[in-house]
Amino acid sequence: MERRAMHLKYRLRGWAASGGQFGIVAAFTAFLAFPFYWMVITTFKQTGDLMDKNANPLIFHDWPTLEQLRYLFQGTEFGLWLWNTAWVGGLVVTITVLLAVPAGYSLARLIGPTGGSLGIGIFLTYLVPPTILFIPFSRIIADLGLQNSLWSLVLVYPSFTVPFCTWLMMGFFKSIPADLEEAAMLDGYDRLQAFLRVVVPISMSGILTSVIFAFALVIQEFLYAVTFVSTATRMTVSVGVPTYAIRGDVYYWGSLMAGCIIASVPIAIVYNIFVDRFVAGFTVGAIK
Amino acid sequence: MSDPKTATAAAESARGRKRLADNPGRLGWLLLAPTLLYVFGLVALPLGLSLLYSVTNVTVSRLDYSFRGLDHFRAIFQNPAFWVALKNTFIYAIGAQVIVIIMGNVLALALMKNFRGKWFVRLLILFPFVAPVSLGALGWMWIFDPTYSVLNYMARAVHILGPMERFYWLGPELGRFSITLVNVWRTLPLATIILVAGLGSIPQDIHDAALMDGANFWRRHFQVTLPMITPILMVATLFGLVFSFTDMVVIFILTKGGPFNTTHNLASLAYFTGVEAGDLGEGAAISLFLLPLLVVIAILMLRVARRSEVI
């Protein structure tokens with residue numbers, strides 16, 4: 001009898017613990033995800049439903065509609081903003097990979113102990129925020145004749161993608177056994193060939209991680225884009241949606257929120273897959 | 001290839017390339033040079049220019065580098081908006097990070113156990129960090145809308161507000177609270193994910209040993225787990241501080257610093273002074289006040305990294 005009571009006690013305690021855990025996770029997820037629920041429901045509501053102040057705004061009262069999405073694509077330059085973002089992102093990613101992959105390899109393998117401290121030095125420049133650099137950049141961009149051109153963003157964005165990706169690649173190359181290149185060099189490759197033909201092909205997953213994070217940083221960037229570019233047709237999505245989807249005093253909230261959701265969901269899903277490697281890069285190796 | 005001269009030259013250059021490619025040091029610097037140049041040209045150079053602007057007459061329309069000494073700084077100190085912005089910078093960043101540390105720990109502990117659908121929960125939790133800040137802030141602007149705020153609807157539903165009353169979430173009283181809330185929302189995911197990684201890296205033996213010694217949950221958490229994840233907690237906090245110290249996007253979208261300049265931080269004040277009002281010198285001078293903060297953070301970060309013996 002007593003044993004059964006003990007058993008029950010542990011069982012209850014176990015339920016209470018997982019109930020508590022469930023409650024905590026649910027409450028936090030509700031807080032963090034609520035704005036996105038709000039964006040989704042706003043996207044599909046009819047305008048009359050959105051403007052009804054007395055109805056419970058958390059649920060649909062009229063039929064869901066695609067009208068807001070239609071306005072987003074036909075009444076604003078949204079498609080163009082997505083295209084501009086992809087165009088800038090593609091070029092910035094290319095520059096980033098061409099610079100960061102060799103640099104990461106060099107820091108990890110070639111220049112000896114200097115590599116470690118130099119790598120940290122490069123990583124720390126990632127901490128110098130756009131907030132300090134955008135004012136001199138606005139002048140430099142004007143002097144180069146690049147104001148109001150997407151090329152200004154192509155030039156400036158690598159200043160934050162390259163340090164971060166160099167750091168990621170350095171960590172990645174350190175985790176590859178050096179025997180591989182040594183074997184290749186015994187087979188008659190020189191260092192450069194060993195790097196290009198042996199190390200790079202087996203590092204594709206690390207390079208892919210860099211590509212994704214560089215691209216994500218480009219999509220998220222706002223300050224440079226709002227400072228350098230002022231014509232609606234040349235904007236990237238993070239600036240275009242907040243600036244031009246608002247017309248005068250009328251807020252097109254439905255289409256605004258649709259724009260937010262469309263621009264964030266794909267990158268969030270891809271990011272989620274690679275997040276562990278991202279964390280490893282961010283923690284400066286504080287986890288062993 | 002019949003010309004002997006070309007052949008020798010080709011052999012010569014092949015040998016040269018061979019020498020270069022086999023000397024790891026020289027090849028290393030060659031591979032590194034473009035990155036170093038880029039980073040120097042696009043970070044160090046503008047940083048130097050920023051210092052230069054802060055003591056000269058330069059504006060958007062006028063390139064006049066005549067020396068103004070500390071005039072900009074004197075003007076800034078006499079501007080009440082600057083002092084408000086300086087105070088707000090600390091309120092937003094430190095207020096948000098204190099909350100984030102506490103909430104991040106709780107959430108990370110709750111996420112340690114496996115459960116069905118964890119992948120999806122993690123996706124939802126990460127969303128605020130991954131979505132472009134400007135678009136997330138836009139979502140909050142709609143949540144805070146003076147007329148249609150869903151928060152006001154909820155407050156009315158539970159009778160915190162009377163039927164005709166409303167909170168002005170972005171008004172003079174609540175504006176700073178709302179901006180801090182959005183900062184918490186935005187930086188909590190990164191801290192949580194980093195802490196989950198830290199907790200996961202503690203070997204199971206240590207938990208087992210503490211359990212064997214009869215330590216209860218709280219003792220295990222505060223005397224065993226927490227000290228072990230301190231370095232990583234520091235890293236999470238420092239990154240959160242950098243993000244919230246230097247962010248102007250949330251303020252730009254939500255309030256543009258208003259009403260009456262009550263919600264600016266240094267970053268947004270620098271933007272509105274330097275770009276919207278066109279006074280590059282004064283804008284640069286304002287933004288430079290962030291530099292000492294960032295230097296302190298960088299030093300702390302290096303110390304954490306060194307103490308955990310990773311360098």
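Helices here are DSSP runs of H or I with at least four residues, and strands are runs of E with at least two. Keep that in mind as you work through this predicted model.

**Exercise 1. The make-up of chain B**

Task: Find how many helices and strands chain B has, and what share of its residues is buried.

Solution:
- Start by counting elements: chain B holds 14 helices and 0 strands.
- Next, read along the sequence, and the pattern is α-α-α-α-α-α-α-α-α-α-α-α-α-α.
- Then turn to burial, where 42% of the 311 residues of chain B count as buried.
- Finally, look at contacts between residues at least 6 apart in the sequence of chain B: 69% of them join residues at least 24 apart.

**Exercise 2. Where the two chains meet**

Task: Describe the side of chain B that touches chain A, by helix and by residue class.

Solution:
- First, take the contact as a whole: 86 residues come from chain B and 80 residues from chain A.
- On the chain B side, helix 2 (residues 24–54) gives the most, with 18 residues.
- Sorted by class, this side of chain B has 68 nonpolar, 14 polar and 4 charged residues.

**Exercise 3. One helix, one face**

Task: Check the length of helix 5 (residues 114–125) of chain A, then work out why its buried residues line one face.

Solution:
- The expected span is 1.5 Å times one less than the number of residues.
- For the 12 residues of helix 5 of chain A that gives 16 Å, and the end C-alpha atoms are 17 Å apart, which agrees.
- Now list the buried residues of this helix: A:Gly115, A:Gly119, A:Ile122, A:Phe123 and A:Thr125.
- Seen down the axis of helix 5 of chain A, these buried residues fall within an arc of 150°, so they line one face of the helix.
- What do they pack against? The partners are helix 4 (78–110) and helix 8 (158–174) of chain A, together with helix 2 of chain B.

**Exercise 4. Two domains in chain A**

Task: Locate the domains of chain A and describe how domain 1 touches domain 2.

Solution:
- The domain assignment gives domain 1 (2–65) and domain 2 (75–282) of chain A.
- Their centres, taken over C-alpha atoms, are separated by 35 Å.
- In the contact, 7 residues of domain 1 of chain A meet 6 residues of domain 2 of chain A.
- Helix 1 of chain A gives the most to the domain 1 side, with 4 residues.
- By class, that domain 1 side has 3 nonpolar, 3 polar and 1 charged residues.

Technical notes
Residues numbered from 1 in each chain as written. Chains lettered and ligands numbered in written order. Predicted model: local features only at pLDDT ≥ 70, side-chain atom pairs only at ≥ 80, totals over all residues. Nonpolar A, V, L, I, M, F, W, Y, C, P; charged D, E, K, R; others polar. Buried ≥ 20, exposed ≤ 12 C-beta atoms within 10 Å, placed from the backbone. Arc of directions from axis to C-beta. Domains from an automatic or database assignment.
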